[in-house]
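Reader: I've got a protein model open and I'm a bit lost. Could you walk me through how to read it?

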Amino acid sequence: MIEIAPSILAADLADLAGAARLAESGGADLLHCDVMDGHFVPNLTFGPPVLAALARHTHLPLDVHLMVEEPGRLLADYLRIRPARLCFHQEAAVHHDRLLAAVRAEGVRPGLALNPSTPVEVLVDVLPACDFVLLMSVNPGFGGQTFLPRVLDKARRLATMIRAAGLATTLEIDGGVGPDNAAEIARAGFRTLVAGSSIYAAPDPVAAISALRQAALEGLA
Ligand code: DX5
Ligand code: ZN
C-alpha cells in the first residue's frame, strides 16, 4: 500500500553496503539510487559499476532515478544491473515511448520523472507506457532541499488523469519528504515515498523508516 524508498544519496557514500543494510533493517521496500551526470543536474553521483557493486550487497530491489541528459545512450548499462524500476526525466528525452518500451522489454518497470515546473498534463499520451510516474518535489540535483507543496496539486491532477484512462500507474514522490508531510503526501495519491535526509541524517535511520511509513499510513486511515 505504501512503499518506502530510502535514497542512498543522503547516506555515507563510502559505505553503500552499510546504507543498504540500514534500509533492510528498517523494512524498506526499495533502495532509491540517484544517478546524476553533472549536465541535466548540477551534480555528479555514481554510475553503473557502483550500482552493480551495490546490487551484489543487498536483496532490496533497486529504484534507479536517472537525472541525465540523453538517457537512451546509457539505458543498456543501467538495465544490465537488473533494477526493479527505472525512470528517466521526461525533460531529458524526446522518444519516450521507445525508451520506456526498451526498459519494459528487459523486465524492468518503466517510469517517467517530472521536474517541479513540468505540468503533469504533458504525460497524457504516454501514461499507458508508464508503470509509475515520479514527481520531483524539489528541483533535482541535491538532497536536503525544502519540499515544494504545489506537487500535491500536481499529484491530484495526475491521479484524475490515471483514473480517467483506467490505468494502474502509480505515483512516486521525491524531494523533501519526511514524517511531517508524509500524511498529506499519501492523501494526494502518492504510494512510493523516496526519502534521503529524513532517513539517513536521522539519529536512528532504522526507526526513521518505520516512522515515515506510519505517518504515511495515518494519512490514508
Ligand atoms: C534529488 C534526488 C532525491 C534526493 C532526495 O535530486 O532525486 O532522490 O535524494 O533527498 P531528500 O529526501 O533529502 O530531499
Ligand atoms: Zn531521486
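Author: Sure! Let's begin with a term: a nonpolar core is a set of buried Ala, Val, Leu, Ile, Met, Phe, Trp, Tyr and Cys residues joined through side-chain atoms within 4.5 Å. In soluble globular proteins, nonpolar side chains tend to be buried together. Keep in mind that this model is predicted.

Reader: Okay, so which residues have the most contacts inside the largest nonpolar core here?

Author: Those are I8, L51, L86, L158, F190 and L193, in a core of 64 residues. Helix α5 (residues 150-164) gives the most to this core, 6 residues. Click on L158: beyond its neighbours within four places in sequence, L158 touches V120, L123, L127, V133, L135 and L171.

Reader: Now the metal. What coordinates the zinc ion (ligand 2)?

Author: Look for H32 (NE2), D34 (OD), H65 (ND1) and D174 (OD), at 2.0 to 2.3 Å. Along the chain, the donors are spaced H-x1-D-x30-H-x108-D. D34 sits in strand β2 (residues 31-36) and H65 in strand β3 (residues 62-67), so this pair ties together parts 31 residues apart in sequence. Both D34 and H65 are buried.

Reader: Why is the arrangement around the zinc ion (ligand 2) called octahedral?

Author: Ideal angles for six octahedral donors are 90 or 180 degrees. Here the 6 donor atoms subtend angles of 69 to 168°, which makes the arrangement octahedral.

Reader: And which residues come nearest to ligand 1?

Author: S7, D34, D174, G196 and S197, out of 20 around ligand 1. A polar side-chain atom of D34 is 2.7 Å from an oxygen atom of ligand 1. For G196, a polar backbone atom lies 2.8 Å from a ligand 1 oxygen.

Technical notes
Residues are numbered from 1 along each chain as its sequence is written. Chains are lettered from A and ligands numbered from 1 in the order in which they are written. This is a predicted model: local features need pLDDT of at least 70, side-chain atom pairs count only at pLDDT 80 or more; totals for chains, interfaces and linings use all residues. Side-chain values use heavy atoms; hydrogens and water are left out. Donors are N, O and S atoms within 2.8 Å of the metal (3.2 Å for Na, K and Ca); water is not among the atoms, so sites may look incomplete. Four donors count as tetrahedral if all angles lie between 85 and 135 degrees; four count as square planar and six as octahedral if opposite donors are over 155 degrees apart and all others between 65 and 115; anything else is irregular. Helices (H or I, at least four residues) and strands (E, at least two) are DSSP runs, numbered from the N terminus. Buried means under 20% relative accessible area, exposed over 50%, partly exposed in between (1.4 Å probe, protein chains only). Contact means heavy atoms within 4.5 Å. A residue is near a molecule or strand if one of its heavy atoms lies within 4 Å of it. A polar contact is a pair of N or O atoms within 3.5 Å; within protein, one must be able to donate a hydrogen and the other to accept it, and residues adjacent in sequence count only if both atoms are side-chain atoms.
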